[in-house]
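User: I should like a close look at a single part of this model, namely one residue and its surroundings. Please then relate it to other parts of the structure.

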Amino acid sequence: MAGIPPAAPQETAGSLTARQRRLILVTVALSLMMVVSAVSGLNVALPDLARDTGATQSELQWIVDAYTVVFAGLLLFAGALGDRFGRRRLLLFGLVVFGTAAAMGMIVEEPTALIWVRAAMGVGAAAVMPTTLAIISTAFPPAERGKAVGLWVGIAGGGAVIGLFASGLLLEWFPWNSFFGLNVALALMAFLLALRVVPQSVDEHPPSLDPASAVLSLVAVSGIVYGIIEGPVRGWTDTQTVVALAVGLAALAGFVLRQLRLEHPLLDPRLFTRRGFSTGTLSVTVQFFSAFGFFFILMQYLQFVVGRSPLGAAAALLPLPLVMIPLARRSPGIAAHFGFNRIGALGLTLIAVGLLTISTLEPDLNIWVLTGGLVLFGMGMALAGAPGTAAIISSLPRAKQGVASSVNDLSREFGSAMGIAVLGSVLNNAYRAGADVATLGLPEQIREAARSSIAFIDRVPVESVGSRAEAVIDASKAAFLDGVADSLRLACIVLVASALVVAIFGPRR
């Protein structure tokens, strides 16, 4: 973290003026928008990226998920670093790393290089995101903290769609790599504001650092996600798939056992015996499992199957922030009145109903079905999001808000990574099976190109396929749509099961 300016003196919530708190909230909002849009905004660019670089479906998953895997794997360690060395200092460091990596993304054009760029951005994001919620928790007094957290959740959810729309606007006039320019601009603005307004805050009794735990958590997430993404391509019994899953699960077990033995663990597994902590973590994980898997899938459906432009695809999702942001600000009060268990379960159920509605879409887009599903989805995310986050952070004392925010963010990012991996793999399985049937009798090179990515429909070699070209394109779209329906229905099952757990075991207050 060398080179970052000295921190401002540590200030308490009571010593900050209302104007200072507003500026801090703006800084946090910009930083959060940068981190969230780095996943959602890229989904708009995936079709153009696939066309220009020849990336396969699994490579597209990795270009998105390399960011979230590294992000999730380093979050707990980053939270501990912020508690020890200062949240402002870590925020500035993360913004520099993120912005520099995004600038590299503007000039690389090969799928493997893009995967590494995204992984480096994940390192920066891991430093930024836990500090945003920790800064809110320490800068705002209890009377204002609920509304500030509600706004944080609204930006985290609605900001994903705003990122989609901003990327769609860029891609109307510029190539797909202009998406990375948006990341650079947000990082620069947040850095300049943070230098001026964010006060220093540290844990009065900072935890000891444990790099071994950080490595175990990163290996656990990476191994599990690698196995899930590569399973449909390599085969579920392939040596690499089996080894990756085994290593990931072994690292996860090793991480849990190590935390139980440490006097000051990165994440004490015993915290999950607290009902608010455990059900809040489950709720947040499942919300983002479904949300980011959904965004990954829907952007491809709207552009490849329906034929919308990047801007047209992003515009179709605009009902989400219009519903989510205002409702998320009120959801902490609603949950306080009716109970987290009831409102949290209702929110998860509404997300499931919204996705089930959208799973009925056909090749010819019914905009009313999509809009109705998005409104239900947005209401569910708003109602479940803020109460889930509040349940987590209220389970720990103020001095441990770095850990609380890291667990909240880990839940989001692990859920996002798993959603893209699991739902993307269900989609890939169904699509590859359908494309296999649709291209029977064609040359093997063409068949493999069709199986590898839905982007094949934009470059069908008519001279080789002949009169079957139109039939192959229609069958490929139908296979992709089957995968969309299968993946969204799986998300619905996960959401409803989690809603039951939250309703039964979640705290009333």
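Analyst: Thr131 is buried in this predicted model, because its relative accessible area is 2% and a residue counts as buried under 20%. This threonine belongs to helix H4, which covers residues 111–139. A polar atom of the Thr131 side chain lies 2.4 Å from the backbone oxygen of Val128. Once residues up to four places away in sequence are left aside, Thr131 touches Arg87, Leu90 and Leu91.

Leu252, in helix H8 (residues 239–261), offers a second case. Leu252 is classed as partly exposed because its relative accessible area is 40%, a value that falls between the limits of 20% and 50%. Leu252 also helps to form a nonpolar surface patch of about 420 Å², together with Leu249, Val256, Leu257 and Leu260. In an α-helix there are 3.6 residues a turn, so residues three or four places apart point the same way.

Helix H11 may be considered last. Helix H11 spans residues 319–338 and has a kink of about 40° at Ala328, shortly before the proline Pro332. Ala328 is itself one of the buried residues of H11; others on that list include Pro319, Leu320, Met324, Ser331 and Ala335. After H11 comes Gly339, with a positive phi near 105°.

To return to the residue examined at the outset, Thr131 is a buried member of helix H4, with Arg87, Leu90 and Leu91 among the residues it touches.

Terms used. Residues numbered from 1 in each chain as written. Predicted model: local features only at pLDDT ≥ 70, side-chain atom pairs only at ≥ 80, totals over all residues. Heavy atoms only, no water. Helix = DSSP H or I, 4+ residues; strand = E, 2+ residues; numbered from the N terminus. Buried < 20%, exposed > 50% of the residue type's maximum accessible area, 1.4 Å probe, protein only. Polar contact = N/O pair within 3.5 Å; in protein donor to acceptor, adjacent residues only side chain to side chain. Contact = heavy atoms within 4.5 Å. Bend = angle between axes of the 7 residues up to and from the residue. Patch = residues over 30% accessible without salt bridge, like charges linked within 9 Å, V, L, I, M, F, W, Y side chains within 5 Å. Areas by Shrake-Rupley, 256 points an atom, 1.4 Å probe, with all protein chains shown as cover. Salt bridge = Lys/Arg side-chain N within 4 Å of Asp/Glu carboxyl O.
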